[in-house]
Amino acid sequence: MTTTQQIITIAMVILGTMLTRFLPFLLFPAGKKTPKYIEYLGKVLPAAVFGLLVIYCVRNVSVLEGSHGIPEILAIALTAGLHLWKKNMFLSIAAGTLFYMALLQFIF
Amino acid sequence: MTKQSTAGAALRAAFPKTLPILAGFLFLGFSYGIYMNVSGFSFLYPLFMSLLVFAGSVEFVAVSMLLGAFDPVQALLMTIMINARHLFYGISMLDKYRGLGKKKPYLIFGLCDETFSINCTADIPAGIDRGWFYFFVTLLNQIYWVSGATLGGLLGSVLPVKTEGLDFVMTALFVVIFLDQWMKEKNHFSSLTGLAVSLVCLLIFKADGFMIPAMAGILLALTALRKPLEKAEAKA
């Protein structure tokens, strides 16, 4: 990617983010009622999008080649297990990441 | 009260509320900065991204976008999908941010998850100016995030440890957010729809082309499931 392409990509990210932040204030200036469908999407969309993002993160992992996705599976299991147990975001992320780094650097 | 003392009192009321975010943002921002650094970007990237985008999850994803093929349409659509939740933060803050004049554009600009959670739920002490309170919560949170990200970007290359595998920090972040959502929700239709549709699309369209079909598939599936989901919601 050239620098210009990078700047365009970052501009798109800024534009997309600002669209989602400013749109409600532009669309519903004086407490106009939010459409029911939009309210529904607001409730259900976040959960699905986070599912999508988890898959997005592992999109380049191949179960047929290399380390067969084993380090990823183990590190995700540790992160998830720790999080369900302790519910401490920073502990889960730090432990999962360090464990994954150790797996890649010393074992796989 | 003079303008300065009004602002000062609001700053003193806002600062303690942001302390948990201080720790979290420095850590996560620092990881983000290092991640950008080891991905080959100068510290100017995390500095300007954290300053101008100020939306953590999408900033992480933007690193992969910048490393991949140039595709501005997909970048825009992905950003909107990932940040769609901000639409609903905005809707929830319509009344609270009303009539705040010149501060309002910045408050809307800086309405990230953490700032929303504080400003939406905080009991502002009597005598404290609402606008200034919201303003300082937003500003302090952004200062923490920008500092963490920039420091990470600067120090990433001089850290005396091997950073191979550090990119897992993004995976871990989304696994944790996904689980937080999972533990909060009454039923898991939407979470499972997101996982399943994305996985199927990944198998069909492969890594470079699955995001847009997956986003379309999720919107379609959730629209089709609206009636049963709303019924389940009402029963629960």
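Two helices count as roughly antiparallel when the angle between their axes is over 145 degrees. Keep that cut-off in mind, as a later stop on this tour relies on it.

**Before you start**

What you have open is a predicted model. Its overall scores are ipTM 0.87 and pTM 0.78. Try colouring by confidence: chain A has an average pLDDT of 89, with 97% of its residues at 70 or above, that is, scoring at least 70. Chain B also averages 89, and there 99% of the residues score at least 70.

**Stop 1: chain A**

Select chain A and hide the rest. You will find four helices and zero strands, so the pattern along the sequence reads α-α-α-α. How does the radius of gyration of chain A compare with the globule rule? At 20 Å, it is well over the 13 Å that the rule gives for 108 residues, so chain A is more spread out than a compact globule. Turn the chain around and you can follow its C-alpha trace over about 60 × 45 × 25 Å along the principal axes.

Stay with the confidence colours for a moment. Which element of chain A has the lowest mean pLDDT, and which the highest? The lowest belongs to H2(A), at 83, and the highest to helix H3 (residues 70-86) of chain A, at 96.

**Stop 2: chain B**

Now show chain B on its own. This chain has 13 helices and zero strands. Along the principal axes, its C-alpha atoms fill a box of roughly 65 × 55 × 30 Å.

Within chain B, select residues 19-38, helix H2, together with residues 56-67, helix H4. The axes of these two helices come within 10 Å and cross at roughly 15 degrees. With an angle under 35 degrees, H2(B) is therefore roughly parallel to H4(B). The crossing of H2(B) past H4(B) is left-handed. To see where they meet, show side chains for Leu28(B), Tyr32(B), Tyr35(B) and Met36(B) on H2(B), and for Gly56(B), Glu59(B), Phe60(B) and Val63(B) on H4(B). By class, this contact of H2(B) with H4(B) has six nonpolar residues, one polar and one charged.

**Stop 3: where the chains meet**

Bring both chains back into view. Here 67 residues of chain B are in contact with 58 residues of chain A. Which helix supplies the largest share of the side of chain B that touches chain A? Select residues 168-184 of chain B: this is helix H10, and 13 residues of that side come from it. Taken as a whole, the side of chain B that touches chain A has 46 nonpolar, 14 polar and seven charged residues.

**Stop 4: one helix from each chain**

Keep H10(B) selected and add residues 36-57 of chain A, which form helix H2. The axes of H2(A) and H10(B) come within 9 Å and cross at roughly 155 degrees. Here the opening cut-off comes in: the angle is over 145 degrees, so H2(A) and H10(B) are roughly antiparallel to each other. H2(A) passes H10(B) in a left-handed crossing.

Finally, zoom in on the contact itself. On H2(A), pick out Pro46(A), Ala47(A), Phe50(A), Gly51(A), Leu53(A), Val54(A) and Cys57(A). Facing them on H10(B) are the contact residues Met170(B), Thr171(B), Phe174(B), Val175(B), Ile177(B), Phe178(B) and Gln181(B). The contact of H2(A) with H10(B) divides into 11 nonpolar, three polar and no charged residues.

Definitions and conventions: Residues are numbered from 1 along each chain as its sequence is written. Chains are lettered from A and ligands numbered from 1 in the order in which they are written. This is a predicted model: local features need pLDDT of at least 70, side-chain atom pairs count only at pLDDT 80 or more; totals for chains, interfaces and linings use all residues. Two residues are in contact if their C-beta atoms, placed from the backbone, lie within 7 Å. Ala, Val, Leu, Ile, Met, Phe, Trp, Tyr, Cys and Pro count as nonpolar, Asp, Glu, Lys and Arg as charged, and the others, Gly among them, as polar. pLDDT is the predictor's confidence in each residue, from 0 to 100. Axes are lines fitted to C-alpha atoms, for helices over the stretch in contact, and angles run from 0 to 180 degrees between N-to-C directions. Angles under 35 degrees count as roughly parallel, over 145 as roughly antiparallel, 65 to 115 as roughly perpendicular and the rest as oblique. A crossing is left-handed if the near helix is turned anticlockwise from the far one by less than a right angle, and right-handed if clockwise. The radius of gyration is taken over C-alpha atoms; the globule rule is 2.2 Å times the number of residues to the power 0.38.
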